[in-house]
Amino acid sequence: MKQFYQFAKNNLKRLGLWLIAVMMISMVSNASHMMGADITYKCIDTLKFEIFVKYYRQCAGISLSNPSSETKVICTTTGSAQGVSLSLVGIRDVTPVCAKAGNPCKPTNTKASDGIEEHFYKATIDFNQAPYSNLIKNGCCIIRFETGQSARNGDITTGAAGYYFYTYATVNLCKAPCNSSPALTTEPVAYLCCNQPFFYNNGASDTANFDSISYSFGHPLKGYNQIISYSGNYSNTKPFDVYLPGGLPSTYCNCNANPPIGLCLDPLTGDICCTPTNCNDRTVVVLEMTEWKKNPSTGKMEVIGVTRRDMQFIIKQCPDNNPPVIKGDFKREICEGEQICYTITTEDAVKKPPPPATPPDPDTVTISWNRGIPGASFTVINPTAINQSGRFCWTPPIGSASTIPYTYTVTARDNACPLNAVTVRAFQIIVHPIAEADRIITKLDCGRYAIESEPFPNFRNPAKYTWQLKDTNGVVLFDRKYGYFESSKNF
């Protein structure tokens, strides 16, 4: 009996240690690690798409498993769902650090690791064939691609910490059976410098369809239509503390102030600007991009898709560093067939908000663009310059006129250590139709001629023009400008 008691006692000790180990493993396996994600898609052929799922993982968290089991295609009308098998494309470190800082994601899964990994997956969805054809055979139009993962990062201070992570994208197959979502060409920046201006753009680029895109702040979700609330006075439109002096309302924003005031989101370009002021904020920011296309029958704009980017912003102290500034004409107008060229410059000297600080030494600033306009060129003028400049040139082809702006983004990145400061701004170009008309010349008496201009059919705008009369040597004998086409002019 004594031997049995000692055996039981020893094994109970082992059992206790085993239970503690299991509990620790369980705690680690449920540790939060999700920092964000987005879903985009590209049309391969009518009703056939390639979808791209990108997850952003905190390297200090647990490993990310393949999210296929949580990724589905759903008919929003009936709720019918079909699973998706995702293939891993690759994993890369996207932490905005300088070269001297090394790789913050090695070693992984340690609390000291302050890095961010992008996990890139893809799949092909063909609604022409089973099983996906079953989702639309009864006339389902709006399809939702969704994905999820447990759980959101536990370091979030403004709400949502530890909740299940969920996001989605939609497409209307009835209105756009071969639509591609905007491609997100800028990495989701996670680190913002406290008390320093912040300019950011996701670089949403729709070079496949050139549809119109509008931007708004969305809500973080734990399931479809299951909103995660922010804590305290925070909200989806005010997810962290920003510079807002003098009793200004929370809705006030001014990107042109130095430093920027409030939190601004341009609904037409997607530009975000602010000056974070709480150096301990860890928050969630969701940007929704709604894609619009004009209905040729009604002439009205209709929603054909929604793309969401769920991001985690971490406010950090960046001593003695100023973020780079991008300078240029952010909006231009030209006519199709005309060349436009201009220079975009950068600098590394921005005034900080109070309290004053000793101006730091300038960093080296590099410049790049997202190739948002096919056929355009962007050339770095002097790659060895401390503050690089870029020369943008483009000749819009005949027939490219559009009331929807052509948009591209420019990124300026300094070499501050340990974290680079990054600024991203959008540039827009409106292309007007070229003024085309037939010249009708009628000979009158006494050496007079009647000259008439008849605009080409379907010309959309009233056109400014200039009359010139030249001799056979090209010498201008008569030069007169008129505001718009008139029925005729006699000379």
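Here are some worked exercises on the predicted model shown above.

In this predicted model, local features need pLDDT of at least 70 and side-chain atom pairs count only at pLDDT 80 or more, while totals for chains, interfaces and linings use all residues. Residues are numbered from 1 along each chain as its sequence is written, and side-chain values use heavy atoms, with hydrogens and water left out.

**Exercise 1. The overall picture**

Task: find how many helices and strands the protein has, and what share of its residues count as buried.

Solution:
- Step 1. Take helices (H or I, at least four residues) and strands (E, at least two) as DSSP runs, numbered from the N terminus. The protein then has 2 helices and 32 strands.
- Step 2. Call a residue buried under 20% relative accessible area, exposed over 50% and partly exposed in between (1.4 Å probe, protein chains only). On that scale, 46% of the 491 residues are buried.
- Step 3. Turn to contacts (heavy atoms within 4.5 Å). Of those between residues at least 6 apart in sequence, 66% join residues at least 24 apart.

**Exercise 2. Aromatic pairs**

Task: count the aromatic pairs and work out what Phe-49 and Phe-127 tie together.

Solution:
- Step 1. Rings of Phe, Tyr and Trp (its six-membered ring) pair if their centres lie within 6.5 Å; planes under 30 degrees apart are stacked, over 60 edge-to-face, and the rest tilted. This rule gives 20 aromatic pairs.
- Step 2. One of them joins Phe-49 and Phe-127, edge-to-face, with 6.1 Å centre to centre and 75 degrees between the planes.
- Step 3. Phe-49 belongs to strand S2 (residues 48–58) and Phe-127 to the loop between strand S6 (116–126) and helix H2 (133–136), so this pair ties together parts 78 residues apart in sequence.
- Step 4. Now check burial: Phe-49 has 0% relative accessibility and counts as buried, and Phe-127, at 2%, also counts as buried.
- Step 5. Phe-52 and Phe-120 have ring centres 6.0 Å apart and planes at 50 degrees, so their pair is tilted. Phe-52 is in strand S2 and Phe-120 in strand S6, so the pair ties together parts 68 residues apart in sequence. Both Phe-52 and Phe-120 are buried.

**Exercise 3. A ring cluster and charges over rings**

Task: list the residues of the cluster linked by ring pairs, then find which charged end sits over the ring of Tyr-342.

Solution:
- Step 1. The cluster consists of Phe-330, Tyr-342, Trp-369, Phe-378, Phe-392, Tyr-408 and Phe-427.
- Step 2. A charge sits over a ring if NZ of Lys or CZ of Arg is within 6 Å of the ring centre and within 35 degrees of the ring normal. Arg-332 places its charged end over Tyr-342, 4.1 Å from the ring centre.
- Step 3. Arg-144 does likewise over Tyr-224, at 3.6 Å from the centre of that ring.

**Exercise 4. Strand pairing**

Task: give the strand order of the open sheet that contains S20, and trace the bridge partners of Lys-72.

Solution:
- Step 1. Two strands pair if DSSP finds at least two bridges between them. The open sheet has 4 strands in the order S20-S22-S25-S24, with antiparallel pairing.
- Step 2. Strand S20 (325–327) and strand S24 (377–380) are at the edges with a single partner strand each, so one side of each lacks a neighbour in the sheet.
- Step 3. Inside the sheet, S22 (residues 340–347) and S25 (residues 390–394) run antiparallel, joined by 5 bridges; Ile-340 has Trp-394 in S25 as its bridge partner.
- Step 4. Elsewhere, S3 (residues 72–75) is joined to S4 (residues 81–83) by 3 bridges, running antiparallel. Lys-72 is bridged to Gly-83 in S4.
- Step 5. S3 also pairs with S7 (residues 142–149) in the antiparallel sense, over 4 bridges, and there the partner of Lys-72 is Glu-146.
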